[in-house]
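Me: Could you walk me through this one? I am new to it and would like to start with how its chains meet.

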Amino acid sequence: MPGSRVLAFGGYQPDKVVTNDDLANIVETNDEWIRSRVGIASRRVAAEDETVADMAEAAGAKALAASGLEPPAIDLVIVATCSPRVPLPNVAATVAYRLGIVAPGAYDLNAACAGFCYAMATASDAVRAGSARNVLVIGAEKMTDWLDWTDRSTCIIFADGAGAAVVGPVPDGEPSGIGPVVWGSAGDLADKITIREDNRAIRQDGQAVFRWATTALHPVALEACARAGVSPADLTAFIPHQANLRIIEAIARKLGIPRERVADDIVHAGNTSSASIPLALSRMAEQGRLEPGTPALLIGFGAGLSYAAQVITVP
Amino acid sequence: MTDQEILAGLAEIIDEVAGVPADEVTPDKNFVDDLDIDSLSMVEIAVAAQDKFGVEIPDEQLKDLKTVQDVVNFVSKNS
């Protein structure tokens, strides 16, 4: 079976910056508390009329341009998202059309904050199985549409943005650049992160999620490394879902990955759910923190609860 | 396991999780007021305590454990 690889990344953030002090004007909180508990200094919030599709399009366009591929070379578009205002039409077909990708397979995928890693895995499988040549994978979220701005346990965390990757085949004989996915779910904990029917706002049992994330995920990360034949010490970058800096640091500590190799995009991006991993990757690439040709570990986790991890070769 | 051994083990955990030097972890210390340990660090301490002592400290119990001695007692009683 031919291998697959990531060709390029792209990220997009809305213009509006919301600081912790801004939030302290709305709810009872403060900059020190937010920084120490979740590690966020500021986040981006989309304009009222800016949609998930708009952000997905912007990130997708950047990844496509960076890949060097023309739109017709893409024949599958997957958008990982859990936050469109309406369930129909899906985001993927609209984004594909706007980017000039003619009649590709197009679907949305909801694995919440784990969505990007799920989409990456299915894109890789599609390339390897021959059901697609090149795939545009996007994580895009407008989480602020689903917030109760009087709930200080959630409105300080979530934010908006999009990130994208282009996945394609590796040349014959070369090893695959996307390792086997290790994924799973814990439906018994489904009630820990929900959108309530009454006010349509995200509610989260932060302590329970923190406990789960700091105990259940590092074994998943280790298994993804093992299945890719990579030791955690060989990883040049670790990009976990940007849920909470304390969770990120706890997992990194358990894996023995030094801090300078760990994505900390949450500090200025907030928690953008399925967009956080590709956004963080794009930023690390811009900052020169990624070494092409070396292994990087991704792990997404969140509502469901669901999770997925894989090792990729940095493009 | 003696209370002294539990205390020593707990001090190691607290040093690792929260960076509090082991000699500051004495039985009468309150986690929040004296050691500046917040609720998330308490969860990490509970998880590490489970690994070390084989005693599960559920979230509902955790909020009642205010001092170092409270945790030592809980571990001692449930191990």
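Me: In what crossing does helix 6 of chain A pass helix 2 of chain B?
Reply: Happy to help! This is a predicted model, where local features need pLDDT of at least 70, side-chain atom pairs count only at pLDDT 80 or more, and totals for chains, interfaces and linings use all residues. Residues are numbered from 1 along each chain as its sequence is written, while chains are lettered from A and ligands numbered from 1 in the order written. A crossing is left-handed if the near helix is turned anticlockwise from the far one by less than a right angle, and right-handed if clockwise; for helix 6 of chain A passing helix 2 of chain B, the crossing is right-handed.

Me: At what angle do helix 6 of chain A and helix 2 of chain B pack?
Reply: The axes of helix 6 (residues 206-228) of chain A and helix 2 of chain B are 10 Å apart, and the angle is about 45°. Angles under 35 degrees count as roughly parallel, over 145 as roughly antiparallel, 65 to 115 as roughly perpendicular and the rest as oblique. So helix 6 of chain A is, relative to helix 2 of chain B, oblique, at about 45°.

Me: Is Asp125(A) buried or exposed, or something in between?
Reply: Asp125(A) sits in helix 5 (residues 115-129) of chain A. A residue is buried if 20 or more other C-beta atoms, placed from the backbone, lie within 10 Å of its own, exposed if 12 or fewer, and partly exposed in between. Asp125(A) has 18 other C-beta atoms within 10 Å, so it is partly exposed.

Key:
Axes are lines fitted to C-alpha atoms, for helices over the stretch in contact, and angles run from 0 to 180 degrees between N-to-C directions. Helices (H or I, at least four residues) and strands (E, at least two) are DSSP runs, numbered from the N terminus.
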